[in-house]
Amino acid sequence: MKRTVPLVLTFIIGMYPIFAFFVPHRVVSNLNDRLDTWLIIVAAFALPLGAVNVFMINFSKISQRRKGWPYSIVILAGLVVMGSIGIAGAYRQDSIGQFQYLFQNIVSPLQSTMFSLLSFYVASAAYRAFRARNLDAGILLVSAIVVMMGRIPFGDMLSRGSMTPLSEWLMTIPNTAAQRGIIIGAALGAASMSIRIILGIERTYLGSGKD
Amino acid sequence: MNLKKMLFIDRRIIYLLVAAGALYPIIRPIGLPVKPTKPVAALYDAVEKMGPEDAVMVSFDYGPSSEPELNPMAEAILRHLFLRKIKVVVLALFPLGGNEEAKSELNKVVREYDLRYGVDYVNLGYKEGGQAVMKRMAISIADVFPVDVDGRPTANMPIMAQAKNYSDVSLLISLATGIIGEWWANLVNPQFGVPVSVGCTAVSAPKYYAYLRAGQMMSLLGGLKGASEYEKLLKDDYASVRQIYEKPEEKKASATTGMDVQSIVHVIIIAFIVFGNVIFFATRKEGSK
């Protein structure tokens, strides 16, 4: 019963939008629109669920003094401070300013710093690992240099304006061909996974099955 | 000199060179010339053809990690939309800061123009749900966002009468990091026919070319380069915008200045790659002797 009811519900809720897509009758699509609204509400509930999950994992890490536990204190402090000020902001208009202030002065610089460190690592990694060891690697290397030069005005200055068109061609033709393969492959994968879930073949979302 | 040793150069030297290359143009801007490309010009031309009767949705689908690339893009696009007196509906679907980015960028740009909130523009705020939100807005935008970012009811706002659902929206611009920009292109455009334009980070630009070529996107602004090209088009046509970008604080934060930094850092990285390969081949030759 504990597993049958969720499986039946998943089948009905999963099949209905497919049915509604092929039967565009007002009555059918009205219920489908309602399902979309429910989905927004369910997704909103996923946010506090995520917060509870972060809290539980980090709380147990601190209590058991597992490796890196002081970092968990920082995570929990951030969660509590930002979360409480944000929630308070929903009731008191003045707290919105405080939340924005903390976001702009702590969260934003921290994330920007993390992202900007990439340029240093990329430079170092490219120097150490980007080698034309064979023909494939050579083609990749030349393409990378053309695209990098095409992304900067300096490239056009050196090549009398030919680097940007060459880079655009690489992005528009060979890159698009590869991207289409990836996108179609991912879409087929998502569709087959959805069918497996709807038909009850894939059941990992139900948990371990232990009571 | 042992060439092999050069392959294991101290990484701190590389870091130092990259840091110097990034800092120099910030202190002394070079002002390298920017040439607009077709995917960027397509958005600019589309906006140029619009007017007060049009409504454009701008979705802030990025967070602080993408700020350096997408903030200049957001500012240039918002400036252009407001100059054309187009009705602007702002929303955010990215959970980690999309709402805050929308607020700060919108607040910054609206101060430059004489605009009425709820009439010329509105900030609907963040809504969780991604694709479900996108699908639901095809029926009614006000139903999905009954209140705006500050909790004010949207139903009575004049702008919402002009933007009831997608059929009233002339263009949708997503400033995106991650997958949300793709959802606008592969769900909203094909199902509801809204022209979609995506502004994204340079690292995620390659995947959007597939949608651009398929006609699911009408334009693409890739990274800082896309932003600087848009700035250039805007500055060339509007003297008032030129004046804004000449202010020192705006100049420093502009994509055009950012392109100077990107240019030098790219050249440094390319130089290291070429240098590394030259040593690699030289040492391989030595080894085979």
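A residue counts as buried here if 20 or more other C-beta atoms lie within 10 Å of its own C-beta atom. Keep that cut-off in mind for this tour of a predicted model.

**Stop 1: strand β2 of chain B**

Select residues 87–92 of chain B, which form strand β2. Show the side chains and look along the strand. B:K87, B:V89 and B:L91 point one way, B:V88, B:V90 and B:A92 point the other way, and all are buried. In a regular strand, side chains alternate between the two faces of the sheet. With six of its six residues buried, β2(B) is largely enclosed by the rest of the structure.

**Stop 2: the neighbours of β2(B)**

Now add residues 55–61 of chain B, which are strand β1. β1(B) pairs with β2(B) in the parallel sense, over six bridges. To find one spot in this pairing, click on B:M57, whose bridge partner in β2(B) is B:V89. Next, colour residues 67–83 of chain B, helix α4: the chain passes through this helix on its way from β1(B) to β2(B), and the β-α-β crossover is right-handed.

Then bring in strand β3, residues 121–126 of chain B. β3(B) also pairs with β2(B) in the parallel sense, here over four bridges. B:V88 is a handy marker for this pairing, as its bridge partner in β3(B) is B:Y121. Add helix α5, residues 98–110 of chain B, and you have another β-α-β unit: β2(B), α5(B) and β3(B), which is right-handed.

**Stop 3: B:N189**

Staying in chain B, select residues 180–192, helix α9, and pick out B:N189 within it. Is B:N189 buried or exposed? B:N189 is buried, because 22 other C-beta atoms lie within 10 Å and the cut-off is 20 or more. Leaving aside neighbours within four places in sequence, light up its contacts: B:W184, B:V194, B:V196 and B:Q216.

For a sense of distance, draw a line from the C-alpha atom of B:N189 to that of B:A22. The two residues are 167 apart along the chain, and these atoms are separated by 39 Å.

**Stop 4: the two domains of chain B**

Zoom out and give each domain of chain B its own colour. Domain 1 consists of residues 3–29 together with 261–288, while domain 2 covers 38–237. How far apart are the C-alpha centres of domain 1 and domain 2 of chain B? They lie 39 Å apart.

**Stop 5: chain A**

Switch to chain A as a cartoon. Chain A has seven helices and zero strands, so its radius of gyration comes next: at 26 Å it is well over the 17 Å that the globule rule gives for 211 residues, and chain A is thus more spread out than a compact globule. Its C-alpha atoms fill a box of roughly 70 × 50 × 40 Å along the principal axes. Of the 211 residues of chain A, 11% count as buried.

**Stop 6: where the chains meet**

Finally, show both chains together. Here 44 residues of chain A are in contact with 47 residues of chain B. On the side of chain A that touches chain B, the elements giving two or more residues are α2 (26–63), α4 (93–129), α5 (135–150), α6 (153–159) and α7 (163–198) of chain A. Which element gives the most to this side? That is α4(A), with 16 residues. Colour this side of chain A by class and you will find 24 nonpolar, 13 polar and seven charged residues.

Definitions and conventions
Residues are numbered from 1 along each chain as its sequence is written. Chains are lettered from A and ligands numbered from 1 in the order in which they are written. This is a predicted model: local features need pLDDT of at least 70, side-chain atom pairs count only at pLDDT 80 or more; totals for chains, interfaces and linings use all residues. Domain bounds come from an automatic or database domain assignment. The radius of gyration is taken over C-alpha atoms; the globule rule is 2.2 Å times the number of residues to the power 0.38. A residue is buried if 20 or more other C-beta atoms lie within 10 Å of its own, exposed if 12 or fewer, and partly exposed in between; C-beta atoms are placed from the backbone. Two residues are in contact if their C-beta atoms, placed from the backbone, lie within 7 Å. Ala, Val, Leu, Ile, Met, Phe, Trp, Tyr, Cys and Pro count as nonpolar, Asp, Glu, Lys and Arg as charged, and the others, Gly among them, as polar. Two strands pair if DSSP finds at least two bridges between them. A crossover is right-handed if, with the strands pointing away from the viewer, the path from the first strand over the helix to the second runs clockwise.
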